[in-house]
Amino acid sequence: MTTLQERLRAVQTRMAQACAQAGRAPAAVQLLAVSKLQPAQAVREALAQGQSAFGENYVQEALDKMAALADLRPAVEWHLIGPLQSNKTRAVAEAFDWVHSVDRLKIAQRLSDQRPTHLPALNICLQVNISGEASKSGLLPAEVAEIAPAVAALPRLRLRGLMAIPEALHGLEAQRAPHRALRLLQDDLNRQGLALDTLSMGMSDDLEAAIAEGSTLVRVGTAVFGPRAAPMAGV
Ligand SMILES: *Cc1c(COP(=O)(O)O)cnc(C)c1O
C-alpha cells in the first residue's frame, strides 16, 4: 500500500530529476496537486506533507471542499483548472486564487468585474488547445495573441501565462512536441511585451516532457493521490 507521503515524494523526485536533466533549477517548477474527486481529508494530508497548492476541476465540488477546509486558509492556494461557464464566474472570482482555464474574453471580463476588491488580483492562464483536438476546449494558437493583451489589461486580473492539456502521446520525444509549441507561443507573447511567467503544462504521464520544454507548473493528480472516483454525471 503506497501512502500519499510516498507518492508525493516520488512525484517530487521525478520533478527534480527532470529539472536536473534539463539544467533547470528545481525551484523553477511548482507542483500543483490536482485534488479533483478526492476527499477533503486527502488535501489535509497533503498539506501536512508540505504541499500547499491544489487544483480542482468542478466548481461546486471545489466550493464544498473549501468549506470543509476553511480552517486551513490562507495556507492553501486553490487553482481552478476545469472548464468554467459564465454562470459560475462569481463564485470562482470570490473563492479561487488562480484560474487556468480561461478561453474566452467574456469569461475574463466577468472574472475581473466580479473579483472582490479586498482580494488580490486573480491569477489567470489562458487555456490553449495546443494539439488542435476538436473535443478539447481552449483557444486555438492563432487566437491567443489577439485575446491575451485584452485579458492582461483587465484591472482585477493578472495574466500569468498559458495552460494546455496536450493529446495523450507515448514516449518522451513525442510528448515534448506539443509542450514545445506552447512554450514558443508564450515566448511570442513575451516578445510582444506581455510579462508572462507561468507555463502550466505537464500531468502524471508527461511531466518529464513538460519540464524539458520549460513548464513552470505541473498539474499532477493520479501520481500524487492515486486513482480518483469517476466524475459524477452532469459535471
Ligand atoms: C485531471 C487533470 C489533471 C491531472 O491529471 P492526472 O493525469 O491525474 O495527473 C491535470 N490537468 C487538468 C486540466 C485536469 O483536468
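**View 1. A33 of strand β1 stands opposite V220 in strand β8.** This is a predicted model. Strand β1 covers residues 30–34, and four of its five residues are buried. Strand β8 covers residues 217–220. β1 and β8 pair in the parallel sense, over four bridges. β1 also has a partner in strand β2, residues 53–56. Two bridges join β1 to β2, and these strands run parallel. A33 appears here too: its bridge partner in β2 is F54. Between β1 and β2 the chain passes through helix α2, residues 40–48. This β-α-β crossover is right-handed.

**View 2. L37 sits in the loop between β1 and α2.** Look at its backbone. Phi of L37 is near 60 degrees. That is a positive value in a residue other than glycine. Is L37 buried or exposed? The cut-off for buried is under 20% relative accessible area. L37 has 13% relative accessibility, so it counts as buried.

**View 3. A cis peptide bond links R73 to P74.** Omega of this bond is near 0 degrees. P74 lies in the loop between α3 (59–68) and β3.

**View 4. Strand β4 pairs with β3 and with β5.** β4 runs from residue 98 to 102, and five of its five residues are buried. Strand β3 covers residues 77–80. Two bridges join β3 to β4, and the two strands run parallel. In one opposite pair, L80 faces V99 in β4. The chain gets from β3 to β4 through helix α4, residues 89–95. That β-α-β crossover is right-handed. β4 and β5 also pair in the parallel sense, this time over three bridges. Which residue of β5 is the bridge partner of W98? It is N123. From β4 the chain crosses through α5 to β5, and this β-α-β crossover is right-handed.

**View 5. Helix α6 has buried residues and, on the other side, exposed ones.** Start with its length. α6 has twelve residues, which should span 16 Å at 1.5 Å a residue. The end C-alpha atoms are 17 Å apart, which agrees. Now look around the helix. V144, I147, A148 and V151 are buried. They lie on the same side of α6, because they cover an arc of only 120 degrees around the axis. A142 and E146 are on the other side of α6, and they are exposed. What do the buried residues of α6 pack against? They pack against α5 (105–114), β5 (122–127), β6 and α7.

**View 6. Helix α7 has a kink centred on P178.** The helix covers residues 172–191, 20 residues in total. From first C-alpha to last, α7 reaches 28 Å. That is close to the 28 Å expected at 1.5 Å a residue. How many degrees is the kink in α7? It is about 25 degrees. P178 itself is buried. Other buried residues of α7 include Q175, H179, L182 and L185. Q186 and L189 are buried too. The buried residues of α7 pack against two helices, α6 (141–152) and α8 (207–212). They also pack against the strands β6 (157–163) and β7 (198–200). After α7 comes G193. Phi of G193 is positive, near 105 degrees.

Methods: Residues numbered from 1 in each chain as written. Predicted model: local features only at pLDDT ≥ 70, side-chain atom pairs only at ≥ 80, totals over all residues. Heavy atoms only, no water. Buried < 20%, exposed > 50% of the residue type's maximum accessible area, 1.4 Å probe, protein only. Pairing = 2+ DSSP bridges. Right-handed = clockwise from strand over helix to strand, strands pointing away. Expected span 1.5 Å × (residues − 1). Bend = angle between axes of the 7 residues up to and from the residue. Contact = heavy atoms within 4.5 Å. Arc of directions from axis to C-beta.
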